Each structure stands twice: as C-alpha cells, then as structure tokens.
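Please look over the sequence and the model that follow, and keep both at hand while reading. The paragraphs after them go from a single side chain to a metal site, then to a helix and finally to the chain as a whole.

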Amino acid sequence: MHSLWNDAAAREFIGALGPRVYTSRLLGRDKTLVLHGGGNTSVKLCEPDLSGLQEDILYVKGSGWDLETIEARGFSPCRMQRLLEIAQLPALSDTHMANELRQSMKLSSAPAPSVEAILHALLPHKYVDHTHADAIIAITNTPNGAQRIAEIFGDRLVIIPYVMPGFKLARAVAEIFHRSAKSSAIGLILLNHGIFSFGDDARTSYERMIALVSEAEAYLERHNAFHIEYPLAETENRLVSQEIAEFRRALLDVAGQPMVVVIHQDRQSLGFARHPDVSLLASQGPLTPDHVIRTKRLPLIGRDLDAYRLAYTAYFRAHTMAGTESLTMLDPAPRVVVDKDWGLLTAGRTAVEVVIVEEIYRHTIEGILRATALGGYKALPANSIFEVEYWDLEQAKLRGQGTPPPFAGEIALVTGAASGIGRACAEALLTRGAAVVGVDINPAVEKAFSSVSWLGIQRDLGDEGNVRSIVEMTIRHFGGLDMLILNAGIFPPSTPISSLALTDWSRVMRINLDANLILMRDAYPFLKLAPRSGRAVIVGSKNVRAPGPGASAYSASKAALTQLARVAALEWGRDGIRINVVHPNAVFDTGLWTNDVVAKRAAHYGLSEAEYRKNNVLGTEITSRDVGEMVATLCSPIFSRTTGAQIPIDGGNDRVI
Ligand code: ZN
C-alpha cells in the first residue's frame with residue numbers, strides 16, 4: 001500500500017477543510033481500507049461564531065456521505081465544547097446521543113454527524129482518520145489477535161477491545177487512551193473493527209494510516225497469509241438459469257419481497273465455495289459488525305432456505321428473550337449463498353444493494369482465508385453482531401428509508417431499448433426500481449443508462465442464434481425475469497404490394513414477429529416463476545386496426561404479433577402471466593420519424609407540421625415518454641386483472657374509434 005498524496009492535486013482543495021476533504025477521498029479510493037460508507041475522518045478547527053467569538057469546531061464525516069466522494073458540505077460542524085460535555089455523562093442511550101450530536105452542530109442543515117463524533121472529539125489531535133482496513137481486521141480476527149497487534153506496533157498504537165460503536169465506545173476509548181497512551185502513540189486499534197491514525201496535519205494523519213496498514217500487510221506477507229491463491233476453478237458448462245430462477249422464487253417466500261440475485265462463478269467464488277472447510281469457515285460471522293446490515297450475519301451454505309430461515313429465527317429469538325424492548329424481526333432471507341456448484345450468489349432488494357453485498361463478501365472471503373492462514377479465523381460472538389444488526393440507530397435508518405419503489409427487486413427485459421419508445425420504457429421501469437436488461441442493434445444501448453440496475457446488450461434480432469442467448473444472459477445477470485417488453489421493430493420504406501420483394505417481407509417478419517416468438521418462448525418458464533406474476537407488454541401499432549397503404553409488411557407483422565399475444569394471453573393465464581398490447585400512433589420523437597419524414601407526411605395530408613403532429617381526436621402530441629409510462633403502468637398492480645387487452649395510445653384516432 002502506498003501513499004496517494006500528490007502536491008498538485010492537494011492544492012486544488014482550497015479552504016480550511018480542503019486538506020481534510022482531499023485525504024478523506026484518498027482513503028475512500030482504496031477499497032482495502034473502506035467499503036461503501038465505511039470509515040470516517042475529522043478535523044478540529046477554531047472559527048469565529050456570529051458574534052465574533054472564537055469557538056472550536058469538530059468537522060466530522062456526516063452520515064450518508066462516502067469518503068471517496070465527500071465534499072466540504074459532507075462534514076458536520078459540531079461544537080467541541082458540547083461534545084466534551086456530553087462525553088462526561090456516565091451513560092447515554094444511542095438515540096439520545098444522536099439527538100445531542102445533531103444539536104451540537106452550528107449549521108442545522110448539515111448532515112447528521114457520524115456516531116463516532118464524540119470519539120473523534122476526545123482524541124487530542126487535529127486530524128483523525130478511521131478505516132476498517134482489511135489487513136488489520138484479518139489480524140485482529142484471530143484467536144490471539146491483540147497479541148499480534150501489540151507485537152507489530154508496540155506502543156505506537158493503543159489497543160481497545162471490541163465495544164459497539166456509539167457512546168460506550170467513545171467512553172471506553174477515552175478511558176483506555178488517557179490511561180495507557182504513551183506520547184509515542186500515533187493511533188489506536190479497535191479489535192474486530194478497525195484502526196485510527198492521528199496527526200497535526202492532514203498529510204501526516206493520512207500517511208500514518210497508510211504506513212500502519214502497510215506494516216500489517218507486511219506482517220501477513222511474512223506469515224504467508226497475505227496473497228490468497230484460489231485454485232483454478234473448473235466451471236461446468238451447464239445452464240444454471242432455471243435453478244437460479246427457481247431459487248429466486250423460493251427466496252420470495254422467505255424475504256417477503258422480490259430480490260435481485262446475481263451468480264458469480266469466478267476463481268475466488270468457486271474456490272471458496274469448494275474449499276474443503278467451507279462450512280466451518282463461512283459459519284463464523286462477518287469481519288466487522290457493521291457488515292451485518294448488508295450481508296446478514298451468515299451466508300447460506302448450500303441451498304436449504306428453510307433451514308436458514310429457522311436458524312435466523314432462532315438467532316433472533318435467542319437474543320431478544322433477555323431484551324426488554326420489543327424488536328421486529330428483519331426478513332430472515334440470506335443475502336449471500338455459498339454453493340459448491342453455483343459458486344457465490346448475492347441477493348438484495350435492488351441491483352445496487354447486490355453490488356454492495358458482493359463487494360463486502362469478497363473482502364470477507366479474503367479476510368477469512370488470511371486469518372485462517374495466520375492461525376484461525378475468529379469472528380465476534382453472535383450477540384455482538386446481533387447488537388449492531390438490531391441497533392436502534394440502524395433500525396431508525398431502515399425505517400427512514402420509507403416504502404421501496406413499486407418494482408424493487410423485479411427484473412425487466414426491453415427490446416429496442418437504445419432510443420425512442422424502448423428507451424422510454426426502460427427509463428420508466430428503472431425509475432420504478434426495476435433492474436432492466438435492454439437489447440438493441442445499436443451499440444449505444446450498452447451505455448444508455450449508467451446504473452448498475454442496467455445491462456445493455458447489443459444484438460441483431462434478425463438472427464435466431466443471437467436472440468436465443470438474451471433470456472439466458474438476463475437470468476445470469478439479475479436472477480430472473482418478471483417483465484418482458486417487446487418493442488423492437490423495423491418500419492421499411494413505403495412499398496406497394498405489387499412490387500414487394502419476398503426478401504424484404506421476410507426480413508420484417510423475422511424481426512417484428514419471429515424474434516418476438518423466440519423471446520416469448522424462452523421467457524415463458526421464467527415469467528412463470530416471477531415472484532409477483534409475470535407480465536408481458538407488446539408494442540403494436542395503430543396500423544393493426546387502421547392500416548395504411550404502402551406498409552403491408554409492417555402492418556401484417558404487427559397484426560400477427562398482436563394475434564400471437566392474444567393466444568399467449570389464453571395459454572399463459574393459468575400461470576398468472578398477463579400479456580397486453582399497446583397500439584401507439586404518431587410518436588414522433590423516435591428513430592422512425594426524422595423531421596424530413598414528418599414534413600413530407602404533413603405535406604401529403606395538406607397540413608402544417610405542427611397540425612400534423614397533433615392530428616388526432618384530442619389534438620394532442622404523443623411522446624415516447626407517454627408510451628413508456630403506459631407500458632410500466634400496464635405492468636403495475638393497477639392492471640393486475642387485465643390480460644389480452646389492446647390499448648391505443650394515439651390521442652384518439654377516428655379510424656380506430
Ligand atoms: Zn468504524
């Protein structure tokens with residue numbers, strides 16, 4: 001590990017908080033130091049208040065900010081005097097502490113201060129940096145971790161036994177630190193939790209952190225416990241999509257909500273899942289208690305969800321019996337599955353959550369194997385983990401998140417998603433919390449949205465082989481398929497039947513009809529497993545009911561597709577799958593309509609362009625967004641009792657009405 005300090009870059013960060021923001025970001029950039037929202041930093045500054053009196057202010061990381069991207073306004077300005085007064089109290093509940101921390105701020109609109117604010121205030125150094133460094137935790141999570149830490153760092157680091165973050169930890173640190181700290185102390189270690197470094201300037205505090213963690217890494221290296229070798233994994237070339245989707249369906253009954261499930265079959269995932277001692281290694285507990293919020297205390301080893309649910313319920317009961325307050329059990333569904341055939345499976349309510357779970361668990365695997373190489377992995381006892389999992393502050397945070405978006409945990413597949421109606425459908429579904437796979441012949445589809453809930457796949461739907469892999473990729477990426485939106489289609493140049501070539505006709509049929517048949521056929525077994533019932537929406541056309549001359553292939557393909565959907569509605573109803581058709585017309589903000597084409601068509605009808613755009617019964621313009629919103633609404637419970645319907649979205653067309 002090396003210092004990332006750069007003088008030129010540091011100079012870009014101006015103002016009193018500049019150096020604090022800069023080195024906080026440097027820490028955040030290294031995932032072996034902090035993961036997602038973990039770690040915190042502070043600086044003590046002396047500033048005039050409104051009446052010109054100088055006061056000491058602790059700027060500490062505000063909750064909701066990540067070190068990697070923190071800005072000056074991400075630090076909460078707390079009055080030191082108040083923090084030190086609070087620290088004198090013999091006891092304080094964490095809820096009261098959180099309230100006091102908020103009230104100590106000199107700016108009411110600043111974010112809530114980190115729960116470790118009092119601890120930062122008590123340390124007599126201007127700059128304080130705190131991380132959950134992988135190498136440190138691997139060493140402390142062994143049977144004689146404290147001894148090893150003392151051996152490596154001597155009296156440069158004060159060792160604090162594990163205490164849950166919050167008021168008690170601040171008190172414990174204050175007592176131990178002031179009793180035992182030598183002047184040579186440059187930081188402290190919280191066993192099973194992390195490390196603090198101090199300094200009189202930002203660079204010193206940061207570079208001490210880097211130097212201390214580097215020493216821990218070197219120690220692991222000397223004991224052949226740093227670089228973990230994973231055996232070359234033999235992945236069977238077996239399709240697991242059906243198994244994964246069935247597992248996801250079963251997960252609903254345990255979680256009470258649909259989940260995104262991602263399979264990982266890389267060397268690390270399979271290597272760990274096939275480790276001869278995996279049952280023992282994976283059943284000890286997390287590296288540090290704050291991971292429990294994301295990953296649960298333990299992964300599911302194997303596939304027995306019922307056993308996992310029972311074990312979780314027993315763990316909950318065992319730790320609540322003594323408690324006086326009535327706690328509500330969180331959902332007893334695993335977020336990590338370790339299976340020798342699957343490798344690693346990560347699950348969460350949203351694709352974002354799954355990415356976080358995966359990252360944390362990869363670090364967990366590494367930490368467990370390093371500690372094992374050092375002499376044995378030893379996690380905190382279950383009651384310490386429970387304490388954090390059901391901590392009132394964490395519970396309040398969860399409650400504060402409100403109701404999840406309507407399609408949270410659900411997965412949609414949209415064709416023709418790079419632009420126009422398809423893109424609008426994808427956007428409407430993403431906005432409602434779904435994970436979305438978009439397919440298009442245009443490579444722009446890959447970057448159409450920059451969200452981990454998005455997977456863009458470039459494919460020409462004119463080729464059966466290309467189409468066949470799409471559903472499989474969807475399942476591998478998100479674990480299932482709940483909503484199928486068939487929108488892709490081509491609109492060939494106007495040609496009368498008398499001169500229509502069979503090859504042109506066939507190409508239109510291949511893309512507008514055959515590709516959709518293949519996708520419907522491939523998607524069916526997965527739509528059947530959808531936790532909240534499968535839905536399909538077909539984007540048809542006004543031409544189905546009111547065709548125009550010169551568009552025979554297009555109109556016939558959309559009419560056949562509509563008929564295909566009606567038959568599917570009859571066949572799939574028994575499985576709870578709904579399939580409905582929308583018939584848009586005159587949606588001019590799509591790839592099919594260039595300004596030139598609009599001008600020509602308007603002239604053809606003797607209308608101005610503006611008149612032509614609103615040439616319908618309601619005299620209104622129809623946009624891609626309108627269609628996207630309708631398609632998403634058709635997938636919502638509002639239409640849970642509708643299937644086989646055809647709904648125009650055309651402003652009212654006198655030939656259709
Ligand atoms: Zn911490």
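Phe 177 counts as buried in this predicted model, because its relative accessibility is 5%, well inside the range under 20% that the term requires. The residue belongs to helix 8, which runs through residues 167-180. Once its neighbours within four places in sequence are set aside, Phe 177 is in contact with Leu 123, Pro 124, His 125, Val 158, Ala 172, Leu 188 and Phe 198. As for a residue elsewhere in the chain, the C-alpha atom of Gly 52, which is 125 residues away along the chain, is separated from that of Phe 177 by 34 Å.

The next stop is the zinc ion, whose protein donors are the NE2 atoms of His 130, His 132 and His 193, at 2.1 to 2.2 Å from the metal. Along the chain these donors follow the spacing H-x1-H-x60-H. Since His 130 lies in strand 4 (residues 127-131) while His 193 sits in the loop between strand 6 (187-190) and strand 7 (194-199), the pair ties together parts of the chain that are 63 residues apart in sequence. His 130 counts as buried, because its relative accessibility is 0%, and His 193 also counts as buried, with a value of 2%.

Further along the chain, helix 24 covers residues 624-634, and its buried residues are Ser 624, Val 627, Gly 628, Val 631, Ala 632 and Leu 634. These residues lie on the same side of helix 24, because they cover an arc of only 160° around the axis. The general background is that an α-helix has 3.6 residues a turn, so residues three or four places apart point the same way. As for what lies against them, the buried residues of helix 24 pack against helix 18 (420-431) and against four strands, namely strand 15 (483-486), strand 16 (535-539), strand 17 (578-584) and strand 18 (646-649).

Turning to the whole protein chain, the secondary structure comes to 24 helices and 18 strands, and the C-alpha trace spans about 95 × 65 × 50 Å along its principal axes. Of the 657 residues, 54% count as buried. Among contacts between residues at least 6 apart in sequence, 72% join residues that are at least 24 apart. The accessible surface of the chain comes to about 28800 Å², and 53% of it belongs to carbon and sulfur atoms. Finally, the chain carries 66 positive and 71 negative charges, and the mean positions of these two sets are 3 Å apart.

Notes: Residues are numbered from 1 along each chain as its sequence is written. This is a predicted model: local features need pLDDT of at least 70, side-chain atom pairs count only at pLDDT 80 or more; totals for chains, interfaces and linings use all residues. Side-chain values use heavy atoms; hydrogens and water are left out. Helices (H or I, at least four residues) and strands (E, at least two) are DSSP runs, numbered from the N terminus. Buried means under 20% relative accessible area, exposed over 50%, partly exposed in between (1.4 Å probe, protein chains only). Contact means heavy atoms within 4.5 Å. Accessible areas come from the Shrake-Rupley method with a 1.4 Å probe; for residues, only the protein chains shown count as cover. Lys and Arg count as positive and Asp and Glu as negative; His and the chain ends are not counted. The place of a charge is taken as NZ of Lys, CZ of Arg, CG of Asp or CD of Glu. Donors are N, O and S atoms within 2.8 Å of the metal (3.2 Å for Na, K and Ca); water is not among the atoms, so sites may look incomplete. The arc is that of the directions from the helix axis to the C-beta atoms.
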